[in-house]
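Work through the exercises below with the sequence and the model side by side. Try each task before reading its solution.

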Amino acid sequence: GLIFYDTKVTVMNRVLNATVQRTADHAAPEITLDPLEIVGGEIRSSENSYFCQAARQLGCVPSSQLCVKLASGGDPTYAFNIRFTGEEVHGTSGSFRHFLWQVCKELQSSSLSLLLLCPSSAVNKNKGKYILTPSPITYAEEQLFHFFGQLLGIAIRADVPLPLDLLPSFWKTLVGEPLDPDVDLQEADILTYNYVKKFENINDETELEALCAEIASQHLATESPDCPNKPCCKFTYLTMTGEEVELCPRGRHIPVGWENKDVYAASIRSLRMRELQTPECMTAVRAGLGSIIPLQLLTTLTPLEMELRTCGLPYINLEFLKAHTMYQVGLMETDQHIEFFWSALEMFTQEELCKFIKFACNQERIPFTCPCKDGGPDTAHVPPYPMKIAPPDGAAGT
């Protein structure tokens, strides 16, 4: 926290350029994607997704081939080239950006099961925010999490912010910071947080009975074996993926009473914290990330800084975009139609601005820092800066 973000990024960029492993005499790996597999927007099976198509093909490429220098200048170097079956795309930049955008859409949809909507979003808190799916993983899923980690590193080297909406707990675990049992639980699953708090704040046995009766009415409890009409809770709870699990050995047979209510609340809290840390999945993600960028870099970054470096800001700063715009021969910032252009953009909502950016450069988010420091010479920019505005192609007219 004692070092400015810009300083950290400068050091990080220097290290990334010093750890390049693919030299100019090596051709970039190339993958071929079939857009027809995802035609109509609905992916019929996860194997057909761009994410899985790419993971299969890049699985046999040594990760050293993906460690390229930071993207800069008009024709940046990317980790791999993409060819779309049946489409003649000129240049590598547009298809690479489109691929990253499409993959983020897939990750945050029902077609892939690597990410899970956080339970809080069901009650409109942290709506649309995701966490890693907390469940035991197969070898194939481990490979996909590894590739997900590689993509994070590839995006950092390419300086293409990924439109991913992940909870802070993901970034904390990624950079190795401990989770806060209160704050992070509340962000991820507010209903469980409130449930645990109720048990922690009970003052007497009558309140406990009333609470168990309330839970029984929501079908979460069973009757007490000693008094058949008296509702009680057992040492079981639902995981984030909806399975009922025992919180301790033989938990299904242990009723919650006055003596053990605090143990019950603490067990639920630690179940959720384990799910948020997802050690197996996170180990695979970090291994993938570490094959593209040195993991030691993460020790200087706060979770928020890591998110900014990987995903950028989820909104477009028009002033920053203006400072990084070039007007080609014959155009000036003071031309009437250019002024109309900017005033039209100023009327856009953030969602519309993201669509404009996607239309202009095939990515939804743009880096919010640039080495050129507020509009320097063309060579100092990081793509997609500068935005170029050109005169019309056709004959001059009204």
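**Exercise 1.** Locate Gln108, decide whether Gln108 is buried or exposed, and find which backbone oxygen its side chain reaches.

*Solution.* Begin with the position: Gln108 is found in the loop between helix 3 (93–107) and strand 3, where helices (H or I, at least four residues) and strands (E, at least two) are DSSP runs numbered from the N terminus. Residues are numbered from 1 along each chain as its sequence is written, and the model is a predicted one, in which local features need pLDDT of at least 70, side-chain atom pairs count only at pLDDT 80 or more, and totals for chains, interfaces and linings use all residues. Side-chain values use heavy atoms, with hydrogens and water left out. Next comes the accessibility: Gln108 has a relative accessible area of 17% and is therefore buried, since buried means under 20% relative accessible area, exposed over 50%, and partly exposed in between (1.4 Å probe, protein chains only). Finally, the side chain of Gln108 reaches the backbone oxygen of Pro163 at 3.2 Å, which fits the definition of a polar contact (a pair of N or O atoms within 3.5 Å; within protein, one must be able to donate a hydrogen and the other to accept it, and residues adjacent in sequence count only if both atoms are side-chain atoms).

**Exercise 2.** Describe what can be found in the loop between helix 14 and strand 10, taking Asn362, Arg365 and Pro386 in turn.

*Solution.* Start with Asn362, which lies in this loop and has a positive phi of about 65° although it is not a glycine. Most residues other than glycine have a negative phi, and most peptide bonds are trans. With a relative accessible area of 23%, Asn362 is partly exposed.

Move on to Arg365, found in the loop between helix 14 (350–361) and strand 10 (387–389). Arg365 counts as buried, at 7% relative accessibility, and its side chain reaches the backbone oxygen of Cys311 at 3.1 Å.

End with Pro386, which is joined to Tyr385 by a cis peptide bond with omega at about -10°. Pro386 also counts as buried, at 8% relative accessibility, and its C-alpha atom is separated by 5.1 Å from that of Thr325, although the two residues are 61 residues apart along the chain.

**Exercise 3.** Find the loop that holds Asn124, and say whether Asn124 is buried or exposed.

*Solution.* Asn124 lies in the loop between strand 3 (115–117) and strand 4 (130–132), and there its phi is positive, at about 65°, although the residue is not a glycine. The relative accessible area of Asn124 is 58%, so Asn124 is exposed.

**Exercise 4.** How many salt bridges does the count come to, and which parts of the chain does the pair of Arg83 and Glu30 link?

*Solution.* First recall the rule, by which a salt bridge is a side-chain nitrogen of Lys or Arg within 4 Å of a carboxyl oxygen of Asp or Glu. By this rule the count comes to 16 salt bridges.

One of them joins the side chains of Arg83 and Glu30 (3.1 Å, N to O). This pair links distant parts of the chain, with Arg83 in strand 2 (residues 81–84) and Glu30 in strand 1 (residues 30–33), 53 residues apart. Arg83 counts as partly exposed, at 44% relative accessibility, and Glu30 is partly exposed too, with a relative accessible area of 45%.

Then turn to Asp184 and Lys172, whose side chains meet in a salt bridge (3.0 Å, N to O). Here Asp184 in helix 6 (residues 183–188) is linked with Lys172 in helix 5 (residues 168–175), 12 residues apart. Asp184 is buried, with a relative accessible area of 1%, and Lys172 counts as buried at 14% relative accessibility.

**Exercise 5.** Which residues are linked with Arg269 in a network of salt bridges?

*Solution.* Take the pair of Arg269 and Asp182, whose side chains meet in a salt bridge (2.8 Å, N to O). Arg269 lies in helix 9 (residues 261–277) and Asp182 in the loop between helix 5 and helix 6, so the pair ties together parts that are 87 residues apart in sequence. Arg269 is buried, with a relative accessible area of 12%, whereas Asp182 is partly exposed, at 29%. The network itself links Asp182, Lys197, Glu200 and Arg269.
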